[in-house]
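Dear colleague,

I am passing on a structure for you to look at, together with some notes on the spaces found inside it and on its surface. Please read the notes with the structure open beside them.

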Amino acid sequence: MSSKIYAIWGRNSSGKTTFAVNLACVLSKRDVLVGLISSNLTYGELQTFFGQVVSPEEGLYEALREDNPNIGEKFIEYGESKNLFFLSVPTHYSGLLCDTVTLESVERMMNAASLVFDILLVDGVAEINNPVSGVGLWLADGIFTLHRPAIGAQMWYQGVADFVRELHIAQKQTHILLAPNGEFDDKTYQSMVELPFAYELPYIKRAGELENAGTPLYFFRDRPCRHYSKVLEEIANGICGGGKP
C-alpha cells in the first residue's frame, strides 16, 4: 500500500480532533503504520486525548527543524498501539515558537513523514492561515470535513468557500455530519448548506469526560461509542481497501 495523506477539517468545536484521534486508532489496528499530526500551534491537545506527555526534545517544532535527520524520532508512540505515532507541540514550551513555522518547513516535514508512515493524518484547524493545516489540506489525498449543525458552522463553510475554490480541494472533500445534541436541527442545517453527507456520526455525551481521562472513544465500549467506532471502521475500510471514501 502506497503512502496516503488525509486531512481532517471543520470549524472550531466540530469534533475534528476527536474524529482524527479515533480514526488513527482504528487504522492502527489494520497492520499499517499511522502518523497523526496536530495543527494546533498553541498547546498540545493530542497528548490530552492519549494521556501522554511530549517532551521539549520531541514534538512538532523539533520535527520542523531543517537539520532534523530522522523525522520518525520526533513522533510519540501511543502506548496502546505499536502502529500509532503522533506529533504535537511539547506539553511545556514557549508559545512564541508558533511564529517560526513556515509553509516550506511544514511541506518538507510532511513529505519526510509520508516516507515513514503508511497513512498520515493531519488534524487541521478552522483558520485558513495556519501553515500546518493549510499544507495538510494542499497535500492531502482526501479531506474529511466535519459539520456540527449550527448557524456558525454554516457561516464558516460559506467563509472558506473562496479558499476551497482557490486550492481546488472541493473534489477531495468528504463531508461528515455530527448528530446534533438538541441545540440545532440537523435537517435544517442540511437544507442550509446543501451538501452531500457521506457519513453521520452519533452525538457522544461523554466525549469530553473521556478526553480528559486520556481514553479515545474507540476503546470505550458503551453503545454510543460502539456506533461511533462502527462508522470509523467503514471509513477506514475505504482508506485501506479502496471504495469510499
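The notes below take the enclosed space first and then the open one.

Please keep in mind throughout that this is a predicted model. A search of the whole structure finds one cavity of 30 Å³ or more, and the volume of this largest cavity is about 50 Å³. Its lining is made up of Thr18, Asn22, Phe49, Ala207, Leu210, Glu211, Thr215, Pro216 and Leu217, which by class are five nonpolar, three polar and one charged residues. Two helices, H1 (16-28) and H9 (207-212), each supply at least two residues of that lining, and H9 gives the most, with three residues.

Turning to the open space, the largest pocket holds about 620 Å³ and is lined by 31 residues, of which Ser13, Gly15, Lys16, Thr17 and Glu45 lie nearest its centre. The elements that give two or more residues to the lining of this pocket are H1, helix H2 (46-50) and H9, with the largest share, three residues, coming from H1. When the pocket lining is divided by class, there are 12 nonpolar, 13 polar and six charged residues.

Taken together, H1 and H9 appear in both accounts: they each supply at least two residues to the lining of the largest cavity, and they are also among the elements that give two or more residues to the lining of the largest pocket.

With best regards

Key
Residues numbered from 1 in each chain as written. Predicted model: local features only at pLDDT ≥ 70, side-chain atom pairs only at ≥ 80, totals over all residues. Heavy atoms only, no water. 1 Å grid on protein atoms, 1.4 Å probe; cavity = no way out; pocket = protein on both sides within 12 Å on 5 of 7 lines; lining within 4 Å. Points joined across faces, edges and corners; volume = space filled by probe spheres on them. Helix = DSSP H or I, 4+ residues; strand = E, 2+ residues; numbered from the N terminus. Nonpolar A, V, L, I, M, F, W, Y, C, P; charged D, E, K, R; others polar.
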